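Trainee: I have a new structure open and would like to learn how to read it. Could you walk me through some of its features?

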Amino acid sequence: MAAILPGSTIGMLGGGQLGRMFALAARNLGYRIITLEPEPDSPCGQVADAQITAPYDDSAGLRHLAEMCDVITLEFENVPSAAIKTLESLKKPVHPGSGLLKITQNRFLEKSFSLDAGVVPTAFAKLRAKEDLETSAREIGLPAVIKTTMGGYDGKGQWVVSSLEEAQKAWDEAHGQELIWEKKVDFVKELSVVCARNSVGEVKAYPVSENIHRRNVLDLSIVPARIPEEQARAAREAALRLAEALGLVGVFCVEFFLLANGDLLLNEMAPRPHNSGHYTLDACMCSQFEQQLRAVCGLPLGSVELLRSAVMVNIMGEGTGDRLTGTESLLADPAVSLHLYGKKGAKPGRKMGHFTVLGSDVDEALGKAHKLRQLLTWS
Ligand code: AMP
């Protein structure tokens, strides 16, 4: 594929903050960008050249996008696979493509693929009937996390169960959705690696993030992760192995659990930039968003070198109002970079923005991050 050069138009499926930050990176390199997104005035639509406001599977909307764009990518991996196939049938390059998405949209296929590629996931089994709960409880064990195979994210579609009775209750609550049983892992850290692969097969992996979750949603990322170098190397190698095995073109994030004995287990993967890679906007020469652009356009990948230690803090809505106060203190600090996504309703748990603190080491950045976040309030 010949490189898609600046001045070309990129299509973005999904209009959330990941699309917005991609659009800003694309504009910075002189590309045009059009997003297809069901919600009007989306975070991406606000900064794109145009937004097609339509459901993801709207065939007129998809045709319009294909006509206007030279290449199409996505920021939301649960775009229905039929929509991706429609775009592919219109002979438009779409990265990642329908074959890869079919795997990453389904937790069972994803973990099976990972195992085959030599990257061990948490112990898992598909639940085909209610009777399988008993078999899984016996063979894989309790406590467990029962998860819907499709459509879940940020802890949605998940039940942590510690007895067979609780598992049966979860089965009933799932109302026939396809489920997997996963061993609940006693991890010491959660880690992630963002990596990229372009259409000529060049690959690069960013440094490992150490992720702290609150109520199953990412709260903080600490980079570099506070782990021995050989574990960091193993995590990056595993992520690159998966990207290559999948034949990915784009950016890809792999989340791992680190166990006390040093083993790394795959939790999940996402074929797009990731919240835990937002630090790259301020701490690396080439952000994960510019990297996605370079990868899908067939350009050389940018530097993944970490220039400073970084801590990224998510700013979440609290349901107490839509006006964020306290930002002046963040803006007054030369080591802090603030990113707000242009969303209107600060509902509880909604990702409204993030800030990144740079430091000479992670302890310095972390100390400051904890202090600064106390200053932000919604009213
Ligand atoms: P997920 O959407 O699968 O990434 O799950 C969200 C969060 O739930 C993870 O980041 C973990 O903190 C927790 N979690 C998910 N699966 C497991 C598991 N098998 N064992 C322990 N914690 C888990």
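Mentor: Gladly; we will go from the ligand to the helices, then to some unusual backbone spots. Keep in mind that this is a predicted model.

Trainee: Let's begin with the ligand. Which residues come nearest to the ligand?

Mentor: A good habit is to list the neighbours before looking at single atoms. Here 17 residues surround the ligand, and Lys-147, Glu-182, Val-185, Glu-190 and Glu-268 come nearest.

Trainee: How do the residues of that shell divide into nonpolar, polar and charged?

Mentor: The shell has 4 nonpolar, 5 polar and 8 charged residues. You can also ask where in the fold they come from: strands E6 (144-148), E8 (179-183) and E14 (264-270) each supply at least two of them.

Trainee: Which polar side-chain atoms should I look for beside the ligand's oxygen atoms?

Mentor: Try three side chains. Arg-107 has a polar side-chain atom 3.1 Å from a ligand oxygen, and for Gln-158 the distance to an oxygen atom of the ligand is 3.0 Å. In Asn-216, a side-chain N or O atom is 2.9 Å from an oxygen of the ligand. As for cover, the protein hides 93% of the 480 Å² of accessible area that the ligand has on its own.

Trainee: Arg-107 also belongs to a helix, I think. Which residues of helix H5 are buried?

Mentor: Helix H5 spans residues 107-116, and its buried residues are Arg-107, Phe-108, Glu-110, Lys-111, Ser-112 and Ser-114. Look at both ends as well. At the N-terminal end, Asn-106 acts as a cap, with a side-chain oxygen 2.9 Å from the backbone nitrogen of Phe-108. After H5 comes Gly-118, with a positive phi near 90°.

Trainee: Why do the buried residues of H6 line one face of the helix?

Mentor: Start with the general idea: an α-helix has 3.6 residues a turn, so residues three or four places apart point the same way. In H6 (residues 132-139), Leu-133, Ser-136 and Ala-137 are buried. Viewed down the helix axis, these buried residues fall within an arc of 100°, so they line one face of H6. The face turned away from the buried side carries the exposed residues Arg-138 and Glu-139.

Trainee: What do the buried residues of H6 pack against?

Mentor: Their partners are strand E5 (124-127), E6, helix H7 (164-173) and E8. Following H6 there is Gly-141, which has a positive phi near 110°.

Trainee: Now the backbone. Where are the cis peptide bonds you mentioned to me, the ones before Pro-143 and Pro-224?

Mentor: In general, most residues other than glycine have a negative phi, and most peptide bonds are trans. Here, the bond from Leu-142 to Pro-143 is cis, with omega near -5°, and Pro-143 sits in the loop between H6 and E6. Another cis bond joins Val-223 and Pro-224, with omega about 0°. Pro-224 is in the loop between strand E12 (217-223) and helix H8 (229-246).

Trainee: And where do I find Asp-41 and Lys-91, which have a positive phi although neither is a glycine?

Mentor: Asp-41, with phi about 50°, is in the loop between strands E2 (32-37) and E3 (50-53). Lys-91, with phi about 65°, lies in the loop between helices H3 (81-89) and H4 (98-104).

Trainee: How accessible are Asp-41 and Lys-91?

Mentor: Asp-41 is partly exposed, at 44% relative accessible area, while Lys-91 counts as exposed at 70%.

Conventions: Residues numbered from 1 in each chain as written. Predicted model: local features only at pLDDT ≥ 70, side-chain atom pairs only at ≥ 80, totals over all residues. Heavy atoms only, no water. Near = heavy atom within 4 Å. Polar contact = N/O pair within 3.5 Å; in protein donor to acceptor, adjacent residues only side chain to side chain. Areas by Shrake-Rupley, 256 points an atom, 1.4 Å probe, with all protein chains shown as cover. Helix = DSSP H or I, 4+ residues; strand = E, 2+ residues; numbered from the N terminus. Nonpolar A, V, L, I, M, F, W, Y, C, P; charged D, E, K, R; others polar. Buried < 20%, exposed > 50% of the residue type's maximum accessible area, 1.4 Å probe, protein only. Arc of directions from axis to C-beta. Contact = heavy atoms within 4.5 Å.
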